[in-house]
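User: I would like to go through this structure one label at a time, asking for each what value stands behind it and which cut-off it is set against.

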Amino acid sequence: MAEPLVVVSNRGPVGFRRDADGELATVRGAGGLVTALRPLVDRGDVTWVASAMDDTERELAAAGAREERSAAGTLFRLRLVAHDPEAYRLFYGVVANPVLWFVQHGLWALKDDPDADLAAPWENGYVAANRAVADAAVSELDRAPHATLYVQDYHLYLVPAFVRAMRPEARIAFFVHIPWVGPGDWAVLPAEISRAIHEGVLACDSVGFHTERWRSAFVASCEALLGRGDDAERRSHANPIAVDTAEFDELAASDAVRARRAELQAERPEILVLRVDRTDPSKNAVRGFQAFGRLLEREPALRGRIALLALLDPSRQEIPEYVDYRLATEEAAAAVNGRFGTDDWLPVRLDVRDDFLASVAAYVEYDVLLINPVMDGLNLVAKEAPLVNGRDGVLVLSREAGAFAELDEWAIGVDPLDVDGQAEALARAITLPPGERRARLEGIRSRVRAHDVDAWAARELEELEARAPSGA
Ligand code: ADQ
């Protein structure tokens with residue numbers, strides 16, 4: 001990317017921790033957004049503005065912007081924004097997750113306290129944090145006045161409007177990584193909050209979504225809430241995010257992943273069904289485990305020969321709904337194991353820990369990949385895992401994941417609330433003829449390689465070019 005870019009996201013491309021000796025160590029930033037956007041830093045002149053997540057990062061934020069190096073060796077500037085810890089808790093743990101996340105994933109029914117008053121957390125948390133990030137973004141734009149500001153996701157919906165008020169000429173793009181929902185779904189929130197969110201995003205020149213479906217919902221909700229459907233139509237586009245294919249090829253061939261594959265092979269059953277997610281209610285692990293139980297019920301011949309390996313990265317455990325869901329996940333796995341397990345066969349192997357390389361090793365080894373989210377903006381695992389799989393593995397994919405729009409031709413589609421349907425899909429995946437398995441896997445790979453992260457980033461810039469005033 002030749003022109004300077006200021007990327008703004010809640011979580012940075014790297015995280016920082018102090019090890020036991022107090023030495024500063026960097027860690028791979030977790031989650032899909034960071035995985036997808038990290039390659040941007042290798043495209044040139046990039047500044048990244050992100051929130052400080054904890055005391056270590058707040059301390060670093062106080063020392064000013066830092067120069068960091070990407071895994072590929074490119075230098076970039078990292079500006080961490082320190083928030084007051086209580087404001088950050090309200091912003092992240094009360095408003096962004098779970099309120100906005102639940103609204104945008106059809107999960108409102110799971111809210112512990114759907115009628116809780118949002119006015120104070122909104123003002124003192126979400127608005128305050130967005131304002132602090134916008135102030136930092138503006139000071140970075142002032143260093144590089146021709147830079148494009150590229151704001152990310154549901155944490156930062158208000159940033160574009162705050163920046164626009166301070167720098168009317170700024171070139172601002174936005175990418176929404178999660179589903180967008182229609183006006184009826186937004187109606188669970190106070191109208192002034194929904195309106196502020198929509199106005200915030202519409203202050204951009206260009207807004208990207210993973211699918212046409214989410215983009216159309218955005219146009220519909222802008223029309224219903226603000227009467228600005230035409231404006232939303234003009235500014236928005238669908239451009240599904242992509243995978244850094246070279247990174248996954250290299251990872252799969254690395255010694256660390258080979259070592260983990262050897263461990264997995266020593267214990268693997270004949271047929272390995274895999275899921276890799278965060279422990280997030282939207283990812284729907286509980287129904288996935290129930291479906292696997294139904295499969296064992298209806299196909300006794302599979303017992304002892306198959307296992308479901310669930311590698312779940314613990315997520316948002318400071319939020320009660322997420323703790324409840326992790327516990328429900330553990331109970332659902334135990335229920336299947338209690339019913340079908342024997343002394344020498346464990347049907348569901350649930351591993352709740354943060355081990356990215358183990359996930360990549362399992363990507364190579366699966367026979368069936370089960371991805372059944374209730375709703376998902378895209379789902380990167382659906383693209384990453386087939387890329388490196390070595391066993392002609394079959395993808396069973398929720399029709400409610402954005403990735404389904406791209407991969408439906410080669411995946412077996414499932415409805416995420418239909419447990420029996422998922423059991424049937426698993427049975428079908430296991431019995432597909434070898435030639436068909438291979439053809440489906442090759443189809444996914446060709447698509448993922450053709451629309452890679454470079455193609456995705458180029459399209460984002462083209463869309464902005466087409467819409468933003470050029471003389472910023
Ligand atoms: P997520 O909800 O986090 O992303 P997903 O797209 O599946 O979901 O991405 C998960 C990412 O985490 C994958 O890239 C995977 O490689 C990575 N990962 C797995 N285990 C890990 C670990 N232990 N540590 C670090 N990373 C790990 C959100 C949206 C999605 C959307 C993405 C990108 O919810 O719908 O696809 O952003 O836009």
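Analyst: A suitable place to begin is Asp-117, which is found in the loop between helix 3 and helix 4 (119-143); please bear in mind throughout that this is a predicted model.

User: What makes Asp-117 count as exposed?

Analyst: The relative accessible area of Asp-117 is 62%, and exposed means over 50%, so the label follows from the value. As for its place in the fold, Asp-117 and Arg-305 are 188 residues apart in sequence, and their C-alpha atoms are 51 Å apart in space.

User: Why is Arg-287 called partly exposed?

Analyst: Arg-287, whose place is in helix 12, has a relative accessibility of 29%; buried would require a value under 20% and exposed one over 50%, so Arg-287 counts as partly exposed. Leaving aside neighbours within four places in sequence, Arg-287 is in contact with Asn-372, Val-374, Pro-416, Leu-417, Val-419 and Gln-422. The C-alpha atoms of Arg-287 and Ala-119, which are 168 residues apart along the chain, are separated by 34 Å.

User: Why is helix 12 described as oblique to helix 17?

Analyst: Helix 12 (residues 285-298) and helix 17 (residues 419-431) pack at an angle of about 60°, with their axes 8 Å apart. That angle makes helix 12 oblique to helix 17, since roughly parallel would need an angle under 35 degrees and roughly perpendicular one from 65 to 115. The crossing of these two helices, helix 12 and helix 17, is right-handed.

User: Which residues of helix 12 and helix 17 meet, and how do they divide by character?

Analyst: From helix 12 the residues are Arg-287, Gly-288, Gln-290, Ala-291, Phe-292, Arg-294, Leu-295 and Arg-298, and they meet Val-419, Asp-420, Gln-422, Ala-423, Glu-424, Leu-426, Ala-427 and Ile-430 of helix 17. The residues of this contact between helix 12 and helix 17 divide into 8 nonpolar, 3 polar and 5 charged.

User: What makes helix 15 and helix 18 roughly perpendicular?

Analyst: Helix 15 (residues 381-388) and helix 18 (residues 434-450) pack at an angle of about 115°, and their axes are 9 Å apart. The range for roughly perpendicular runs from 65 to 115 degrees, and the two helices, helix 15 and helix 18, are therefore given that label. Helix 15 passes helix 18 in a left-handed crossing. The contact is made by Ala-382, Lys-383, Pro-386, Leu-387 and Val-388 of helix 15, together with Leu-441, Ile-444, Arg-445, Val-448 and Arg-449 of helix 18. Of the residues in the contact of helix 15 with helix 18, 7 are nonpolar, none is polar and 3 are charged.

User: How do you know that helix 15 is largely enclosed by the rest of the structure?

Analyst: The conclusion rests on a count: 8 of the 8 residues of helix 15 are buried, so the helix is largely enclosed. Among the buried residues of helix 15 are the charged Lys-383 and Glu-384, as well as Val-381 and Ala-385.

User: Why does Asn-379 count as buried, and where is it found?

Analyst: The relative accessibility of Asn-379 is 7%, and buried means under 20%, so Asn-379 counts as buried. Asn-379 is found in the loop between strand 14 (368-371) and helix 15, and it has a positive phi of about 100° although it is not a glycine.

User: What makes Asp-153 buried?

Analyst: Asp-153 has a relative accessibility of 4% and therefore counts as buried, the cut-off being under 20%. Asp-153 is found in the loop between strand 7 (148-152) and helix 5 (159-166), and its phi is near 70°, a positive value in a residue other than glycine.

User: How do you know that the length of helix 8 agrees with what its residues should span?

Analyst: Helix 8 (residues 212-226) has 15 residues, which at 1.5 Å a residue should span 21 Å, and its end C-alpha atoms are 21 Å apart, so the two values agree. The expected span uses one less than the number of residues. Helix 8 is followed by Gly-227, whose phi is positive, near 65°.

Key: Residues numbered from 1 in each chain as written. Predicted model: local features only at pLDDT ≥ 70, side-chain atom pairs only at ≥ 80, totals over all residues. Heavy atoms only, no water. Helix = DSSP H or I, 4+ residues; strand = E, 2+ residues; numbered from the N terminus. Axes fitted to C-alpha atoms, helices over the stretch in contact; angles between N-to-C directions. Parallel < 35°, antiparallel > 145°, perpendicular 65-115°, else oblique. Left-handed = near helix turned anticlockwise from the far one by under 90°. Contact = heavy atoms within 4.5 Å. Buried < 20%, exposed > 50% of the residue type's maximum accessible area, 1.4 Å probe, protein only.
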